[in-house]
Amino acid sequence: MAIWSIVRRKVVNGCNSSYFSSIIGKSWKSTSAKASHPRYYGALSKETSVFVRGSRVVVNAVSLPSYLGSSLSSNAIMRVTLPCIQTFNTSIRLFSSDEGGSVDAVVPYMGESISDGTLATILKKPGDRVEADEPIAQIETDKVTIDVSSPTAGTIEKIVAKEGDTVEPGFKIAVISKSSGAATKVEDSEKKPEESKPEKKEEKPKPVAESPPSPKVETSPPKEKPRAPPPPPPPASGASPREPQLPPKDRERRVPMTRLRKRVATRLKDSQNTFALLTTFNEVDMTNLMKLRSEYKDAFLEKHGVKLGLMSGFIKGAISALQNQPVVNAVIDGEDIIYRDYVDISIAVGTPKGLVVPVLRNVEQMNFAEIEKEINRLAKKATAGTISIDEMAGGTFTISNGGVYGSLLSTPIINPPQSAILGMHSIVNRPMVVGGEVMSRPMMYIALTYDHRLIDGREAVLFLRRIKDVVEDPRRLLLDI
């Protein structure tokens, strides 16, 4: 601005023709701006100029009064060389020459405990039209599947990543063009290579057709031949009968484990290696709970809009048992024991991609209807693969219902860092002695696996006994006995 102050004073006070001629250049046609750096084009409003470092700027005198404080002829052209001035006015609106612009679709933040993931599926292809927040790809992590959404509406210009890549938050997946014109250009550019590719494809299959037989001959026969010769010499040792037991290689498939399956396998093995696992069993007569359900299921559905299931009864029983035996709700942390005064129950849900355990928060404050609604909501999200990490984090106790698959008896494994897990099983009519008479009763085996380092057998047995009492006589919940 110091230079502008000098120019303003010279113009207002009047300057000699030699000085003014040094400022006033030649005609517009003979003058051009030469810059050593890239130019930025913008829509300029009145009385606005752009100066780029090391550039020669040509300014029309009509826009100068606000800077020079003098009136010059509208035909005058000023040429000022500013070697070190770089000024940008906020009224400039930068734009690109393709009448739109591109936006990158990147991997979102995936959670505190998740640093990377695998690009499992790409849902869109170049040239497809997408709306804002529409998923274009899915990332599989150790715990959950995350969608990569489009940040804006437009057309996918190109896909940068490919399926199977390991990606981190901020990794670019695709480039989305916001302009419609770019979409047509992309489609045209795709069509052209497609037309030229067939010619190349016709040439490639010829050499490729000759190559496949050679590797097959090199890989399979050599492996079978070297292994075959050693066994024949000692036929008496019994090595020959073992050979036919080996499955043929061409009937085996090798598939990489998903991240979720790897995570489940690691956690379960860590549970076995860390905890002193012990399981105790009991059986429950389901007559009264099933009778209660059959009598009130229609009224319950009409009022609350959700079906009354058996799971809510067992959750209520588990809450009562955890309150009576708080050590089952505790956990070992180093050399300390952490007792929790709240109950967050994890429900194991089997999905096509693996086992997930969504958590019911503060379930001790819920009634039957609230428990059933929350179970349905989380189960639907888990099956659809849209459940979030926050909805699976934490949990003080887990319930696994293998009875939905027909399991009669099992020993569930603790879900770290919890200390116990309840296993439910299928309901089977069995002959039971009731009041001195043998009667057919719907019975269920229940199992409690617990960490014997923290929980003694007495607490574990009393815990299961409490659940048995509450489920067999739900009126105990009303009377708190």
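Phe281 has a relative accessibility of 40% and therefore counts as partly exposed. The model is predicted. Phe281 lies in strand β13, which covers residues 277-285. Together with Leu408, Leu409 and Val428, Phe281 makes a nonpolar surface patch of about 330 Å².

Two open sheets were examined strand by strand. One has four strands in the order β9-β8-β6-β11, with antiparallel pairing. Its edge strands are β9 and β11 (166-167), and each of these pairs on one side only. Strand β6 (residues 117-122) is joined to strand β8 (residues 135-140) by four bridges, and the two run antiparallel. Thr118 has Glu140 in β8 as its bridge partner. On the next pairing, five bridges join β8 to strand β9 (residues 145-149), again antiparallel. Here Glu140 stands opposite Thr145 in β9. Glu140 thus appears in both pairings, with Thr118 as a bridge partner and with Thr145 opposite in β9. A hairpin of four residues connects β8 to β9. At the β11 edge, two bridges join β6 to β11, and these strands run antiparallel. Gly117 has Val167 in β11 as its bridge partner. In a regular strand, side chains alternate between the two faces of the sheet.

The other open sheet also has four strands, in the order β5-β12-β10-β7, with antiparallel pairing. Strands β5 (102-106) and β7 (129-130) stand at its edges. Each has a single partner strand, so one side of each is left without a neighbour in the sheet. Strand β5 pairs with strand β12 (residues 172-177) over five bridges, in the antiparallel sense. Within this pairing, Val106 stands opposite Lys172 in β12.

Helix α10 carries several charged residues of interest. The helix covers residues 368-384 and includes Glu372. The relative accessible area of Glu372 is 5%, so this residue is buried. Glu372 and Gly313 are 59 residues apart in sequence, and their C-alpha atoms are 9.8 Å apart in space.

Salt bridges were then counted. The model holds 14 of them. Side chains of opposite charge can pair when their charged atoms come close. Glu374 forms a salt bridge with Arg377, with 2.7 Å between the closest N and O atoms. Both residues lie in helix α10, three residues apart, which is about one turn of the helix. Arg377 is partly exposed, because its relative accessible area is 35%. Arg377 also forms a salt bridge with Glu391, where the closest N and O atoms are 3.1 Å apart. This pair links distant parts of the chain: Arg377 is in helix α10, whereas Glu391 is in the loop between α10 and β20 (397-401), 14 residues apart. Glu391 has a relative accessibility of 15% and falls under the 20% limit, so this residue counts as buried.

Another salt bridge joins the side chains of Arg475 and Asp473, at 2.9 Å from N to O. Arg475 counts as exposed, because its relative accessibility is 59%. Asp473 is partly exposed, with a relative accessible area of 23%. Elsewhere, salt bridges that share partners join Glu374, Arg377, Lys381 and Glu391 into one network.

A polar contact was examined at Asn329. This residue sits in the loop between α9 (311-324) and β14 (331-333). Its relative accessibility is 2%, so Asn329 counts as buried. The side chain of Asn329 makes a polar contact with the side chain of Thr396, at 2.7 Å.

Helix α11 was checked for its span. The helix has 16 residues, covering 457-472. At 1.5 Å a residue, these should span 22 Å. The C-alpha atoms at the two ends are 22 Å apart, which agrees with the expected span. Buried residues in α11 include Glu459, Ala460, Phe463, Leu464 and Arg466. Ile467, Lys468, Asp469, Val470 and Val471 are buried in α11 as well.

Technical notes: Residues numbered from 1 in each chain as written. Predicted model: local features only at pLDDT ≥ 70, side-chain atom pairs only at ≥ 80, totals over all residues. Heavy atoms only, no water. Patch = residues over 30% accessible without salt bridge, like charges linked within 9 Å, V, L, I, M, F, W, Y side chains within 5 Å. Areas by Shrake-Rupley, 256 points an atom, 1.4 Å probe, with all protein chains shown as cover. Salt bridge = Lys/Arg side-chain N within 4 Å of Asp/Glu carboxyl O. Buried < 20%, exposed > 50% of the residue type's maximum accessible area, 1.4 Å probe, protein only. Pairing = 2+ DSSP bridges. Expected span 1.5 Å × (residues − 1). Polar contact = N/O pair within 3.5 Å; in protein donor to acceptor, adjacent residues only side chain to side chain.
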